[in-house]
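These are notes for a colleague who has the coordinates open. They are set out as numbered points, and each can be checked against the model.

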Amino acid sequence: MGATRTPRGKWIEEGLRALAAGGPEAVRVEVLAQALGVSKGGFYGYFGSRGALLTEMLDTWEREVTEAVIELVESGGGDARTRLDRLFTIVASYEEGPVVGVDADLAIRDWARRDEAVAERLRRADSRRMEYLRSLFRAFCADEDDVEVRSLITFSLRIGSHFIAADHGGRSRAEVMELTRKWLLR
């Protein structure tokens, strides 16, 4: 029997872990191979270069945080409030993970500050996320300003809540997030 190849997706996941830990400079073939416990030769069976891996990492991240999430939300059906509630649950379950976790999202945002091509990918992904939120809020909010505010608050909580270290007046963060969820769905 031949040796088992490390799946392509594992290289991408490990690349996103390295990106989250140390930025794009930390995504090195030798380091990824060591983390995966394999030789770097397997890498070149999938990717022609480190640049090709970086591109596939961005492709994977963008697809998983936009279309894959939307498909998952939509697959359950229901009205807009039901789908938003499902979206909140799904996103809350994605706190960690190499592809859809907050660490990967934040690392890509940091990378985008220094790389215009990455910044364009980030704008595209963020715009798609906001577009989807607007479509859901618009179903029960007649005022376009209300739609935009709810969409921005929802998206901002996903990205920024991890940076807030404030106390919540005797409530836990989870309690405040649940109150926010209820307020957004009213």
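1. What volume does the largest pocket have? In this predicted model, the volume of the largest pocket comes to about 640 Å³. Its lining is made up of 28 residues. Those lying nearest the pocket centre are Phe88, Val91, Ala92, Thr154 and Arg158.

2. Which elements give two or more residues to the lining of the largest pocket? They are α3, α4 (67-75), α5 (80-93), α7, α8 (144-160) and α9 (173-185). The most comes from α9, which supplies seven residues.

3. Helix α1 covers residues 8-22, and its length can be checked directly. With 15 residues at 1.5 Å a residue, the helix should span 21 Å; the C-alpha atoms at its ends are 21 Å apart, so the two values agree. Just after α1, Gly23 has a positive phi of about 80°.

4. Which residues of α1 are buried? They are Trp11, Ile12, Glu14, Gly15, Leu16, Ala18 and Leu19. An α-helix has 3.6 residues a turn, so residues three or four places apart point the same way. The buried residues of α1 pack against three other helices: α2 (29-36), α3 (50-65) and α6 (102-112).

5. A record covers part of this region. UniProt, in an unreviewed entry, lists residues 28-47 under "DNA-binding region". In the model that stretch is 40% helix and 0% strand. The C-alpha atoms at the two ends of residues 28-47 are 13 Å apart.

6. The salt bridge count for the model is 23. One of them joins Asp105 to Arg129, with 2.7 Å between the closest N and O atoms. This pair links distant parts of the chain, since Asp105 belongs to helix α6 and Arg129 to helix α7 (residues 116-138), 24 residues apart. Are Asp105 and Arg129 buried or exposed? Both are buried.

7. Arg129 merits its own entry. The residue sits in helix α7 and has a relative accessibility of 11%; the cut-off for buried is under 20%, so Arg129 counts as buried. Leaving aside residues up to four places away in sequence, Arg129 touches Trp61, Val65, Thr66, Asp105, Arg109, Phe155 and Ile159. The salt-bridge partner Asp105 is therefore among these contacts.

8. A second salt bridge in the model pairs Arg123 with Glu120, with the closest N and O atoms 3.2 Å apart. Both residues lie in helix α7, three residues apart, which is about one turn of the helix. Why do these two count as partly exposed? Partly exposed runs between 20% and 50%. Arg123 has a relative accessible area of 40%, so it falls in that class. Glu120 is at 41%, and so counts as partly exposed as well.

9. Arg138 and Glu144 also meet through their side chains in a salt bridge, at 2.8 Å from N to O. Arg138 is at 40% relative accessibility and therefore counts as partly exposed. Glu144 has a relative accessible area of 43% and is partly exposed too. Elsewhere, Asp59, Glu62, Arg121 and Arg124 are joined into one network by salt bridges that share partners.

Notes. Residues are numbered from 1 along each chain as its sequence is written. This is a predicted model: local features need pLDDT of at least 70, side-chain atom pairs count only at pLDDT 80 or more; totals for chains, interfaces and linings use all residues. Side-chain values use heavy atoms; hydrogens and water are left out. Helices (H or I, at least four residues) and strands (E, at least two) are DSSP runs, numbered from the N terminus. The expected span of a helix is 1.5 Å times one less than its number of residues. Buried means under 20% relative accessible area, exposed over 50%, partly exposed in between (1.4 Å probe, protein chains only). Contact means heavy atoms within 4.5 Å. A salt bridge is a side-chain nitrogen of Lys or Arg within 4 Å of a carboxyl oxygen of Asp or Glu. UniProt positions are given in the numbering used here, feature names are shortened, and annotations may be inferred rather than shown by experiment. On a 1 Å grid over the protein atoms alone, a cavity is a set of points where a 1.4 Å probe fits but cannot get out, and a pocket is an open set with protein on both sides within 12 Å along at least five of seven lines; lining residues have an atom within 4 Å of a point. Grid points are joined across faces, edges and corners, and a volume is the space filled by probe spheres set on the points.
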